[in-house]
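Biologist: Let's look at a structure together. I will ask how each label was earned.

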Amino acid sequence: MNQSNHLKIGTRDSKLATWQAQKVSDFLTANHLANQLHFIKSEGDINLTTPLYEVGVQGIFTKALDIALLNNEIDIAVHSFKDVPTQLAAGLQIAAILKRDNPLDVLVFKNETTRNNVANAINNKTTQQLPIHIATSSIRRKAQWLHAFPLSTIDNIRGNVITRIEKLHAADWDAAIFAAAGLERLGLTESITGPQLPLPWMLPAPAQGAMVVICRENDEQVLKACAGLHDEHTAICTHIERDFLRALMGGCATPIGAFAAIENGIISFTGNVTAIDGKDEITVIVKTPLEQQQLVATEAATLMVQKGIQNIKIN
Ligand SMILES: NCc1[nH]cc(CCC(=O)O)c1CC(=O)O
């Protein structure tokens, strides 16, 4: 069959990336737009041993798909928005930002007893006394975790979501941190992963829980095809979070948390920077009417500077 008129959806071949690409594919199919998935390996998947923050370059998950788009090998790239560098590659644009799923981080435990001990320490505000051994390679998660649980030991863990669950059960860590959205998309409930504990006090990565569709600039066919996937409130919130990140000059490897939500026409934004040793942190909150969305990120970044962000050790 000649498939040259099919829209080609590029994706990494991890289960999560494939699930996300399939969601876009299903939408297009439901709208009678012929499409097919096209699998591409990324540097971020190939090098599994180096902690992400040491890899340094931005966009290790997105670069291979950017190149495939620019070379016309694919027409659409689907990503977790939090993995996309704040500066898109020249010649590319966002076609749609999907309605955000659960933005929280979740701790997955090997056993129930440790989960209960951690939950109790959080409820009773005695986290300062609880030593625990956890795994994450995100310096944002590491920093915020150490701030709450200073007696913890933290090890790096790499690999896709499924690999990390397997590593947790094979190693001697008590728990590992995941994005709830990733677990939920893959149907990884507690019966599969082991006991879970959502961490509402941990401020997510900018754009966590949201998916983005990227295409070539002015590709009217794709822009039109994907318009129905777009969620305006998610777009406003994630743009604020990413503008805040950009204003503080953070890449994917910075201990910066940011989350915005819109309720009754009011944007509530929280931004956080935590030192990598967990000792110092600064949190800012900005609330403005929806009409003033353009001001939020700059105002929050300015507050960060006023509160002394330059004294926080972030690398
Ligand atoms: N760093 C990889 C990554 N990128 C996006 C998600 C989850 C989905 C999302 O946040 O939209 C994950 C897995 C994780 O952090 O556990």
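Modeller: What follows is a set of short questions and answers on a predicted model.

Biologist: What makes strand 1 mostly covered?

Modeller: A residue counts as buried if 20 or more other C-beta atoms lie within 10 Å of its own. In strand 1, residues 7-11, four of the five residues are buried.

Biologist: How do you know that strand 1 and strand 2 pair?

Modeller: Pairing needs at least two bridges found by DSSP. Strand 1 and strand 2, residues 35-39, have five bridges, in the parallel sense. Lys8 stands opposite Gln36 in strand 2.

Biologist: And how do you know that strand 1 pairs with strand 3?

Modeller: The cut-off is at least two bridges. Strand 1 and strand 3, residues 76-80, have two bridges, so they count as a pair by that definition. The sense is parallel. Here Gly10 stands opposite Ala77 in strand 3.

Biologist: Why is the unit of strand 1, helix 1 and strand 2 called right-handed?

Modeller: Picture the strands pointing away from you: in a right-handed crossover, the path from the first strand over the helix to the second runs clockwise. Strand 1, helix 1 (residues 15-30) and strand 2 make a β-α-β unit of that right-handed kind.

Biologist: Now the ligand. Why is it said to lie between domain 1 and domain 2?

Modeller: Both domain 1 (7-98 + 210-230) and domain 2 (105-198) give residues to its shell, so the ligand lies between them. The C-alpha centres of these two domains are 28 Å apart.

Biologist: Which residues surround the ligand?

Modeller: Among them are Ser80, Lys82, Asp83, Val161, Phe178 and Gln208. Strand 8 (175-179) and helix 8 (180-185) each supply at least two residues of the shell.

Biologist: How do the shell residues divide into nonpolar, polar and charged?

Modeller: Four are nonpolar, four polar and two charged. Gly counts as polar here, and Gly182 and Gly209 are in the shell. Lys and Asp count as charged, and Lys82 and Asp83 are in the shell too.

Biologist: Last, the sheet with the order 11-12-13. What makes strand 11 and strand 13 edge strands?

Modeller: This is an open sheet of three strands with antiparallel pairing. Strand 11 (256-263) and strand 13 (281-289) each have a single partner strand, so one side of each is left without a neighbour in the sheet. Neighbouring strands of this sheet are turned by 10 degrees against each other on average, direction ignored.

Biologist: How do you know that strand 12 and strand 13 pair?

Modeller: At least two bridges are needed. Strand 12, residues 266-274, and strand 13 have nine, in the antiparallel sense. Thr274 stands opposite Glu281 in strand 13.

Note on methods
Residues numbered from 1 in each chain as written. Predicted model: local features only at pLDDT ≥ 70, side-chain atom pairs only at ≥ 80, totals over all residues. Buried ≥ 20, exposed ≤ 12 C-beta atoms within 10 Å, placed from the backbone. Domains from an automatic or database assignment. Near = placed C-beta within 6 Å. Axes fitted to C-alpha atoms, helices over the stretch in contact; angles between N-to-C directions.
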